[in-house]
Amino acid sequence: MPFSVEYQITQYELEQGALEIQYIEEYFGEFPRKKTAAEIVNRLEGRSHLILLATAPLPDDPGSVVPVSFKVAHEVGVPEIEPKLVDLVHRLSDNIQFPGRRVLYTWIGGTRRDWRGQGFFRALTEQQELWAIEHGFDEIVVKTKNKFYDMRGTLDHLRFEVVRYERNGADNAESKVYLSKKLLPEMISRHRSKKAVVQSPV
Ligand SMILES: CC(C)(COP(=O)(O)OP(=O)(O)OC[C@H]1O[C@@H](n2cnc3c(N)ncnc32)[C@H](O)[C@@H]1OP(=O)(O)O)[C@@H](O)C(=O)NCCC(=O)NCCS
């Protein structure tokens, strides 16, 4: 891993962040249904959330800096009212303790293909953990599918633990895998990525 790299990370406020995420998702051919800015605003509005984006220069035009990796997370609590999150909490109720704790759900994220394997997602994940610990969160939860091998491998490296597996009877590749990481302040000292973080708008 390129330990000497300083990752450039921007934390966005809601409206502008939603537009940035809508834009970067266009570069992900593998996402079947991309989120619109309106959907993102709708999900995040009124709940604690974090929109992080990493930028990097284009290899053949270093003067142009582009968004290359992103991570969007929000709080999930009890009671929930949004139907998809009611369902999520219900499914995880035997695996994750929600009452009396703050749980951050990593909703969407990824790195553009040409920039994969360069530590961008680790840098965003470490920044997310730092923010979550500073904001009093106890645990980070994420959902993926068996068939998302790159994401599963990455979450393994980032020390997420499987907390639930939901088998899809017709096609095991479509089975859902839920992972989590309990947050402890001492984790921060084990972070490896050098980062420059700015808020937008500044
Ligand atoms: C998964 C993904 C986000 C990884 O992003 P990335 O920027 O390449 O990840 P990083 O370079 O920061 O790697 C983080 C760690 O994961 C490991 N890793 C990255 N890709 C991996 C892979 N395909 N298999 C196994 N490990 C992998 C890295 O070695 C690194 O570990 P280390 O720091 O201990 O060396 C990226 O491949 C992606 O966007 N994939 C498509 C997204 C997707 O499948 N989404 C489905 C919905 S969940």
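Reader: Leaving aside its neighbours within four places in sequence, which residues is V141 in contact with?

Author: Happy to help! This is a predicted model, where local features need pLDDT of at least 70, side-chain atom pairs count only at pLDDT 80 or more, and totals for chains, interfaces and linings use all residues. Residues are numbered from 1 along each chain as its sequence is written. Contact means that two C-beta atoms, placed from the backbone, lie within 7 Å. Beyond those neighbours in sequence, the partners of V141 are L92, I96, V103, Y105, Y178 and S180.

Reader: Which residue is the bridge partner of V141 in β7?

Author: Strands here are DSSP E runs of at least two residues, and helices are H or I runs of at least four, both numbered from the N terminus. Strand β5 (residues 139-145) runs antiparallel to β7 (residues 176-182), and seven bridges join them. Across from V141 in β7 sits its bridge partner, S180.

Reader: What is the order of the strands in the open sheet?

Author: Two strands pair if DSSP finds at least two bridges between them. The sheet has eight strands with mixed pairing, and its edge strands, β6 (161-166) and β8 (194-200), each pair on one side only. The order is β6-β7-β5-β4-β3-β2-β1-β8.

Reader: Which element gives the most residues to the shell around the ligand?

Author: Good one! A residue is near the ligand if its C-beta atom, placed from the backbone, lies within 6 Å of it, and 19 residues surround the ligand. The elements giving two or more residues are β4 (103-111), α4 (120-134) and α5 (149-157). With five residues, the one giving the most is α5.
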